[in-house]
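Visitor: I would like a close look at a single part of this protein. Could you pick one residue and walk me outward from there?

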Amino acid sequence: MRIAVLGASGRTGSALVDKALERGHEVVALVRTPAKVTVPASRQVEVRKADVTDPQSFPDLTDVDVTVSAIGIGKGDGPGALVAGARVLASANSRATVWLGALGSGVSSRSGGLIYAGVMRMFVGSELAEKVEADRIALDAGATVFHAPDVTDGPLSPTRHIVPLADLRRPLLPPRISRATLASLLLDEAETGRHGTGIVVPLS
């Protein structure tokens, strides 16, 4: 497949690029600063400058099979960057989109358990409304939205799987997922489109 990765220079985006290449896909890296994309010369990645806050210059995506978004609200990003990303992908004519959101936001605000909900309010509180709005835009455009729990470093989980949010059993302890596992599950959905439009949760 030909897969575009939005936010390819970030930690999760870089993991997505690496795993997509390992699986034999063609990768289009969509980044605000192309110089930040570093891959071995033996691996072919097409890099396109893509600033979500400048939709007029955002590259055409009609030549890709699916776009996977790994953007978040980074340090130095002003309010609205995440919503801008959702809007630009919604109008980019990509055939399919997999959007990375956060467990504990919007309709999943209590799905990670009470402790997790408290942590989200404490550390992500000011960004929750923007995450909710970005999810809404992505869903309205037909995306599969991943509500990922806290992302950590670690190995690929052999028991990794995806569940629809409605089927998630509320955990007692705050859930976590390794970046490698999250990237693998995002790609699984990009390859199969199994869950269609809706909110799903990646689990270890």
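Guide: Happily; what follows starts at one glutamate and moves out to the sheet around it. Please keep in mind that this is a predicted model.

Our starting point is Glu189, which sits in helix H5, spanning residues 179-192. What makes this residue worth a stop is its charge: Glu189 is buried, yet it has no salt bridge. The nearest side chain of opposite charge belongs to Arg194, and that one is 6.6 Å away. With the cut-off for a salt bridge set at 4 Å, Arg194 at 6.6 Å does not qualify. The side chain of Glu189 does have a polar partner, though: it makes a polar contact with the side chain of His195, at 2.7 Å.

Now let your view widen a little. Setting aside neighbours within four places in sequence, Glu189 is in contact with Val98, Thr144, Phe146 and Ile162, and also with Arg194, His195 and Gly196.

The next step is the sheet. Eight strands make up an open, mixed sheet, and their order is E3-E2-E1-E4-E5-E6-E10-E8. At its edges you will find strand E3 (45-49) and strand E8 (161-164), each pairing on one side only. From one strand to the next, the twist averages 25°. Towards the E3 side of this order, strand E1 (residues 2-6) runs parallel to strand E4 (residues 66-69), and four bridges link the pair. Within this pairing, Leu6 has Ser69 of E4 as its bridge partner. Helix H5, the home of Glu189, packs on this sheet and touches E1, E4, strand E5 (97-102), strand E6 (144-148), E8 and strand E10 (198-203). The direction of H5 makes about 165° with that of E6.

Let us finish at E10. Six of the six residues of this strand are buried, so E10 is largely enclosed by the rest of the structure. Gly198, Val200 and Pro202 point one way from the strand, while Ile199, Val201 and Leu203 point the other way, and all are buried. E10 pairs with E6 in the parallel sense over three bridges, and there Val145 stands opposite Ile199. With E8 the sense is antiparallel, over four bridges, and here Pro164 stands opposite Val200 of E10.

Technical notes:
Residues numbered from 1 in each chain as written. Predicted model: local features only at pLDDT ≥ 70, side-chain atom pairs only at ≥ 80, totals over all residues. Heavy atoms only, no water. Helix = DSSP H or I, 4+ residues; strand = E, 2+ residues; numbered from the N terminus. Buried < 20%, exposed > 50% of the residue type's maximum accessible area, 1.4 Å probe, protein only. Lys, Arg positive; Asp, Glu negative; His and termini not counted. Polar contact = N/O pair within 3.5 Å; in protein donor to acceptor, adjacent residues only side chain to side chain. Contact = heavy atoms within 4.5 Å. Pairing = 2+ DSSP bridges. Axes fitted to C-alpha atoms, helices over the stretch in contact; angles between N-to-C directions.
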